Amino acid sequence: MSKKGHIGSDFDSFLKDQGTFEETQAIAIKRTLAWQLEQAMTAKKMSKNQMAKAMKTSRSQLDRILDPNNHRIQVDTLANAARVLGHELRIELV
């Protein structure tokens, strides 16, 4: 057993070995963003219809933005949603 108390590689290494690290990471990021947008809407007591109207988009487009499994949303759309809720979208390379 190693000094850290576990055997084997970490989960990121496992995903990289499987060739799914990037895809898994993109899905996790989108799910987190969808959850954060929904939390901000709840905090502002903003309905989906109100949010869509403020974004100048349709309710169905907003549903796609909030769908945690849809990771094909453009960055400017996410930035607009954040802005409507009084937040800023930050993306950084680490």
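A residue counts as exposed when its relative accessible area is over 50%, as buried when that area is under 20%, and as partly exposed in between. With that cut-off in hand, K45 is easy to place: its relative accessibility is 72%, so K45 counts as exposed. The model you are looking at is a predicted one, and K45 makes a good starting point for a walk through it.

## Two loops with positive phi

K45 lies in the loop between α2 and α3. Its backbone deserves a look, since K45 has a positive phi of about 55 degrees although it is not a glycine. Most residues other than glycine have a negative phi.

The loop between α3 and α4 holds another such residue, K56. Here phi is near 60 degrees, again a positive value in a residue other than glycine. Is K56 buried or exposed? With a relative accessibility of 77%, K56 counts as exposed. A glycine can be added to this group: G86, just after α5, takes a positive phi of about 80 degrees.

## Helix α5 and its two sides

Now to helix α5, which spans residues 75-84. Which of its residues are buried? They are T77, L78, A81 and A82. Viewed down the axis of α5, these buried residues fall within an arc of 135 degrees, so they line one face of the helix. An α-helix has 3.6 residues a turn, so residues three or four places apart point the same way. On the face turned away from the buried side, α5 carries the exposed residues D76 and R83.

The buried residues of α5 pack against α2 (21-43), α3 and α4 (59-66). T77 shows this in detail. It lies in helix α5 and counts as buried because its relative accessibility is 17%, under the 20% cut-off. Leaving aside residues up to four places away in sequence, T77 touches M55, Q61 and I65.

## Helix α4 and its cover

Helix α4 can be read in a similar way. Its buried residues are Q61, L62, I65 and L66. Down the axis of α4, they fall within an arc of 135 degrees, so they too line one face of their helix. The cover over these buried residues includes α2, α3 and α5.

## How the helices cross

Two packed helices are described by the angle between their axes and the distance between the axes. Here are the values for two pairs.

| Helix pair | Axes come within | Crossing angle |
|---|---|---|
| α3 and α5 | 10 Å | roughly 115 degrees |
| α2 and α4 | 8 Å | roughly 125 degrees |

Take α3 (residues 48-55) and α5 first: their axes cross at roughly 115 degrees. The two helices are therefore roughly perpendicular to each other. The crossing of α3 past α5 is right-handed. On the α3 side the contact is made by M51, A54 and M55, and on the α5 side by T77, N80, A81 and V84. By class, this contact has five nonpolar residues, two polar ones and no charged ones.

The axes of α2 and α4 cross at roughly 125 degrees, and that makes α2 oblique to α4. K30, A34, L37, E38 and M41 of α2 meet L62, R64, I65 and L66 of α4 in this contact. The residues here divide into six nonpolar, no polar and three charged.

## Beyond α5, and back to α1

What does L89, in the segment after α5, touch? Not counting residues up to four places away in sequence, L89 touches L33, V75, L78, A79 and A82. One of these, L78, is among the buried residues of α5, as is A82. L89 itself counts as partly exposed, at 23% relative accessibility. L89 and K30 are 59 residues apart in sequence, and their C-alpha atoms are 12 Å apart in space.

Finally, look at F14 in helix α1 (residues 11-18). F14 is partly exposed, with a relative accessible area of 40%. How far apart in space are F14 and L33, C-alpha to C-alpha? They are 24 Å apart in space and 19 residues apart in sequence.

Notes
Residues are numbered from 1 along each chain as its sequence is written. This is a predicted model: local features need pLDDT of at least 70, side-chain atom pairs count only at pLDDT 80 or more; totals for chains, interfaces and linings use all residues. Side-chain values use heavy atoms; hydrogens and water are left out. Axes are lines fitted to C-alpha atoms, for helices over the stretch in contact, and angles run from 0 to 180 degrees between N-to-C directions. Helices (H or I, at least four residues) and strands (E, at least two) are DSSP runs, numbered from the N terminus. Angles under 35 degrees count as roughly parallel, over 145 as roughly antiparallel, 65 to 115 as roughly perpendicular and the rest as oblique. A crossing is left-handed if the near helix is turned anticlockwise from the far one by less than a right angle, and right-handed if clockwise. Contact means heavy atoms within 4.5 Å. Ala, Val, Leu, Ile, Met, Phe, Trp, Tyr, Cys and Pro count as nonpolar, Asp, Glu, Lys and Arg as charged, and the others, Gly among them, as polar. Buried means under 20% relative accessible area, exposed over 50%, partly exposed in between (1.4 Å probe, protein chains only). The arc is that of the directions from the helix axis to the C-beta atoms.
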